[in-house]
Amino acid sequence: HPGSSKTYPSLWQKYCDRFRDVSTPIREELCLSASQIIEAQPTSDIGDLLHQLELGLIDSEERVRLKALDTILGHASKLPLAILENASGRVLDKRPLVRRETVKKCSDAYRARARMTESLHQFGSLGFVVTSFLKAHRTLRSSGDLVTCGDIERALFDIVLIQSQDESDESYSTRILHLLESVPVSERKHLEVLLGVRNRIRKHLENIAHSRLRRSKE
């Protein structure tokens, strides 16, 4: 790889310029190759590269957007939260595959960052994941993309908002409070709607199960 902006500035600039190549396969390959550089270099030395990857998120070609998304969210434990938040916005991409991949990769990114948190208060910085998911759910449900909506619901309730086995009730409550503190009111209200629907479904299923059980005893 071209080293960094400090060691080989001329070569580094040429490398970054190729991210705007007219060839889709080249742009795609560059997004992939960036992964090795991110792993090897401090983020303070690769600002130009990270900027090009963010531009890759809005590339006209779906393949390039997917590669940029994969590289950015695949390094969630190292990259700045602002870049991860930008990538999470692809959950509203025009292509269904990109939307679904964003949900999956964002869930993985959340888990990676959650493992790094040293204090429950730090979970407030991860609220953008919940915000992006809830905003997308409202929009995509209206447009009829129920598949991605289902992915979002599973990500929210099975990964992000679920209580882990080794998490006390007090720690869980504190984590969720801090996680939701940066979520806009409109998205929190939508979360309440989703919770209400899930509770109604659960109660309905419980009633059916109890009714069946009574009948079997009779």
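**Exercise 1. At what angle do helix α5 and helix α6 pack, and how far apart are their axes?**

Keep in mind that this is a predicted model.

*Solution.* Start by finding the two helices: α5 covers residues 81-88 and α6 covers residues 96-116. Their packing angle comes out at about 155°, with the axes 10 Å apart. Next, put a word to that angle. Anything over 145 degrees counts as roughly antiparallel, so α5 and α6 are roughly antiparallel to each other. Last, look at the handedness: α5 passes α6 in a left-handed crossing.

**Exercise 2. Work out which residues of α5 and α6 meet, then sort the contact by class.**

*Solution.* Take the α5 side to begin with: it brings L81, L84, A87 and S88 to the contact. Facing them from α6 are T102, C106 and R113. Now sort them by class, and you get 4 nonpolar, 2 polar and 1 charged residues.

**Exercise 3. Describe the largest pocket: its volume, its lining and the elements that build it.**

*Solution.* Volume goes first, at about 290 Å³. Then move to the walls. The largest pocket has 16 lining residues, and those nearest its centre are Y110, A114, F123, S164 and R175. Which elements give two or more residues to this lining? That would be α6 and α8, the latter spanning 146-160. Between them, α6 gives the most, with 4 residues. Finish with the chemistry: by class, the lining splits into 7 nonpolar, 3 polar and 6 charged residues.

So what ties the exercises together? Helix α6 turns up in both places, packing with α5 and contributing to the lining of the largest pocket.

Conventions:
Residues are numbered from 1 along each chain as its sequence is written. This is a predicted model: local features need pLDDT of at least 70, side-chain atom pairs count only at pLDDT 80 or more; totals for chains, interfaces and linings use all residues. Side-chain values use heavy atoms; hydrogens and water are left out. Axes are lines fitted to C-alpha atoms, for helices over the stretch in contact, and angles run from 0 to 180 degrees between N-to-C directions. Angles under 35 degrees count as roughly parallel, over 145 as roughly antiparallel, 65 to 115 as roughly perpendicular and the rest as oblique. A crossing is left-handed if the near helix is turned anticlockwise from the far one by less than a right angle, and right-handed if clockwise. Contact means heavy atoms within 4.5 Å. Ala, Val, Leu, Ile, Met, Phe, Trp, Tyr, Cys and Pro count as nonpolar, Asp, Glu, Lys and Arg as charged, and the others, Gly among them, as polar. On a 1 Å grid over the protein atoms alone, a cavity is a set of points where a 1.4 Å probe fits but cannot get out, and a pocket is an open set with protein on both sides within 12 Å along at least five of seven lines; lining residues have an atom within 4 Å of a point. Grid points are joined across faces, edges and corners, and a volume is the space filled by probe spheres set on the points.
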